[in-house]
Structures are given as C-alpha cells and as structure tokens.
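User: Could you take a close look at one part of this model for me? I'd like to hear about a single strand and what surrounds it.

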Amino acid sequence: MSPERPTLPPVRLNSEAELARDALAVPLLARAVRLARWAGPDTRVGAGGELADEQLPEAAALLGYAADDEDGPGYASEAWRVAVDAGLVEITEEAAEGDEEEAEATVTQGEELALLTAGSPQDVLGIWLTALDTVLADAAVPDLDDLVGALEEGGEIDLDSLGWDPEAEAEFLEGVLGNLYLLTVAEDAPADAPVPLPALAASMIVPDDMGEPSDDVLEQVSDAMMRLDDQFRLLEPVGLVEFTPVDEALMAEAGEEPAELSPDEEDISRYGMVRLTPLGLYGVRSRMLDAGIDAPAVGDLADKGADVLLAATADFPEAAARAETELWLRRHQPLPAARELLAAARGGDEDAPLRRLRCQQALSLVGGEAEPALREILDDPELGGLARVWLTEHGAADVPPPSEAMVYWLTIDTVAAQLAAEGNSEELQGLVEGLAQQHGGFFDTAWRVDHPATADVLEAMGRLHPDKKVAKEARKAAFKARSAGR
C-alpha cells in the first residue's frame, strides 16, 4: 500500500447543517448556553473562573433542578465550565479600587454566544468541539472522592497513591474512542449497531494474538469496562455517544467480586452498550485529523482530479468507493469526466491495475454520453479491452472484437487488480478456476503477456487453484515469465 493512501475506511458524515442542528440540541451545550445568557456583572466566580458556591443553587434552579436535588449544583458547575471554555462567557480581571494586588472578576457574555444563532454551521461545530474537549478532559479525571482522599498535607494531590497517570488515562480514552470509531466505519459493521462495552474494553486490553485470555487479563478487562461505564456516562450529555450503562444489578457489592459475564447473548446489553452518534463520528474524526491521522470522509474527493480519485479510492471498500465516485461525477459532465478517468487509469506502475478497476467501476456509472471517449481508446493497448467491455455492456453498435493479445492482457490486468483489492479471496479463486477451465492452454500463452504483473498473477493462480496439476502449470508459467523479464 502506498504511504499516501488512507489508513482508515472513509466515514459517511451527515451534512454540516445537520450536525450543527444536532450540536445545538446537545443537553450539555444547551445548559451552557442558558447559563451564558443568565450571566452578567453580578455573577461571582472563583480564582479559576469557576462559578462561586453561593451562585450554584441559583444556576441549578435556572437549569430546572429542584433545590433538594443533590446533583443540580454539579451539573450547573459542569455547564458553567463548558460555557467558559467555549467562549460563551468571558471573564476579565481588574484590580480592585485602591488595591492593585487584589483583582475582581467581571463576567460578560462572550462573542461565541452570538455565533450559535447567527454563525455558520462551522462556527457552531467549532464551539461544540471545544465543549467536547472540556468533557473529555473531565472524563479522564478520577472520581472527586478519590482525589480528595489522595490529598497530601499542603493541599497537593498525591498521584502515586491514587494510581492515576493523567497522560496515560487521556491516551486510553482516546484509544477507546479510536477503536469505537473503527468498529463503526468498518465495511462489515452493521448499520447503527451499538458495541458491547466488554468487547470495547477487550479491544484495548487483550492482545490480538492471544488465544484464551488469562484470569489476569479478564480482570483488567472488567476494570476497564467499569471505568468506561463511568466515562461514557459523562460523554453522553455532550452528544458524543448513545450509551446504555451497565445494569446496576450486576455491580459488585462492596468487597465482592464482579459478576461473571453471561454467555447468553440476550444478556449482553446488561453489561453496557455504546455507539457513536453522527455528531460523535464527526467529533472523533476531527480529533484524529488534528492528531495527524488519515481519516477520510466520503465526499473529500469531490473537487479533486480523477487521478486523485482513482488513487485514493483504490483501497476503499466497494460501497464507499462507489459513493465517493458518485459524488465526484455529480460535479463533472459525462464526456469530459470519462476522458479524465481514462487518462488517470493509464500506467505500468504497481497500482495501475487497481486504478483501472476503479476506473471501470466509475465508468459503469456514466451514461451513454461517454461513448465517444471509449471509442477514442479502442486501439490503446492498456485501455482498449476495458473500452470494449463498456461499449458492449451499454449496447453500442459496431464494437470491434479484441485481439487475443488484448484479451490476455486484460485478463492479467483484471486478476492483478483483484489481488490488490481483495487478496486471496474466494471470489478471486472462482475467477482463477474459471479462466483455467474456459481457456485451453491458458498458461502456454499467458506467460508471454507483456504486462508488469504477469509473473505475480501466474504465481497467485498457482496458489489459488485447487487442482494440483493446474496449479503446477501456473507455477511453471510464472517461472517462464520471470525468466523472460515479464
């Protein structure tokens, strides 16, 4: 695979307008907006910009929490922190009159607040991403009771006694979200299917090459699962995930061992289920891009040239490649598009067969207006066979039959493309068997084909064909091709 090719399957994102509407409906951001509109010169904050304790009951009541709701002040404090970090409120400090060492904080509405109603979808999403950063930072922090218990004399937190590594915890959570993203965008992933929390935790703990996990590894998975249960509870209000928490009936009583995971698939949801929302997909991808990870999205290539389209979609799953190509074609007239695609498909490099396969698939989406472009290349040694296939499939008249050399060249090119796209798949094995059966003496001629991939294709046919005699013929042909410099 070329280094410039994507490392992740492309994701299908909702439009920015749809995502912005989702962001505005996020409970945590909505609470932050209400507090920002309530804030003013009389609002009192602490030295770190946090809402003063005496202000918390009023703020909680504004958000709809009853006076006896113990969680209300905590939710108000969290929403205020998001409002500050996202620029919905602005805190300025001025020296108190007559005392330059003492500062007074003045609270005003921030410039970002107006962008939520008058700004573009990109403005709204930028504010939401900042809110997400704040919540992710909070999610990587241990429970407050644990922090208080770890306080040393002098007010410092003893991280060693707490067993908390802030950087490692943040990396773990980012890794979890990365795995959840990959499970979501994978070609074989069921649409909108949630991921069981034990499976997500295991993806971070259990090595890929491990057979039966040891008791120690299972205990680590259980601990990670419970940690994720706490973290996803925090991440759901910011709109990142939809989350079904671990059933409280399964929670271990104090001093007891956690309940064992039931093998009954009907019970798996009791151990927690999570899925990224459409907004969550956008958010995790944005963070990946910021970290320098290649995380393509369908539609990224719509304004690029055909050469970029064919190269980038070479390793896309088939459905994603088709969707990307359809978007590209919408921006181009059929005939110029066909000519541009055909020009980009030429070449004798290693990636050329797969480019031609993607070109052929793209041209299948173009109507009869593209016919002149295909007729122009009927005599082209690389593209003439492809052109004849397209013209025949579209019912064109007077399509000249291909020469034997062109048929064999196209066959080698097609198998080379399938090898690059799918490896030793069952579909390719069926193609190999069909070729050997339909063309008597196929290998006697095939080794002479002047194609850069001839020897590799014949070797692959030798590996894939189930008949030992035919496989041996293919290997002999591959040897001849290499000896001839094919």
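**A close look at strand β4**

Analyst: Let's start with a pairing: E242 stands opposite R275 in β5. Keep in mind that this is a predicted model. The two strands involved are β4, residues 241–244, and β5, residues 273–276. They run antiparallel to each other and are joined by four bridges.

Now for the side chains of β4. In a regular strand, side chains alternate between the two faces of the sheet. Here V241 and F243 point to one face and are buried, while E242 and T244 point to the other face and are not buried. So how does F243 pair up with another ring, and at what angle? Its partner is F232: the ring centres are 5.5 Å apart and the planes sit at 45°. That angle falls between the 30 and 60 degree cut-offs, so the pair counts as tilted. F232 belongs to helix α11 (residues 215–235), so to speak a different address from strand β4, and eleven residues separate F232 from F243. Both rings are buried.

That contact is one of five aromatic pairs in the whole structure. Another is F442 with F443, an edge-to-face pair with 5.3 Å between centres and 85° between planes. F442 has a relative accessible area of 3% and F443 one of 7%; the cut-off for buried is under 20%, so both qualify. Ring pairs also bring in Y408, giving a cluster of Y408, F442 and F443.

One last ring contact: R227 has its charged end over the ring of F172, 4.2 Å from the ring's centre.

Key
Residues are numbered from 1 along each chain as its sequence is written. This is a predicted model: local features need pLDDT of at least 70, side-chain atom pairs count only at pLDDT 80 or more; totals for chains, interfaces and linings use all residues. Side-chain values use heavy atoms; hydrogens and water are left out. Buried means under 20% relative accessible area, exposed over 50%, partly exposed in between (1.4 Å probe, protein chains only). Two strands pair if DSSP finds at least two bridges between them. Rings of Phe, Tyr and Trp (its six-membered ring) pair if their centres lie within 6.5 Å; planes under 30 degrees apart count as stacked, over 60 as edge-to-face and the rest as tilted. A charge sits over a ring if NZ of Lys or CZ of Arg is within 6 Å of the ring centre and within 35 degrees of the ring normal.
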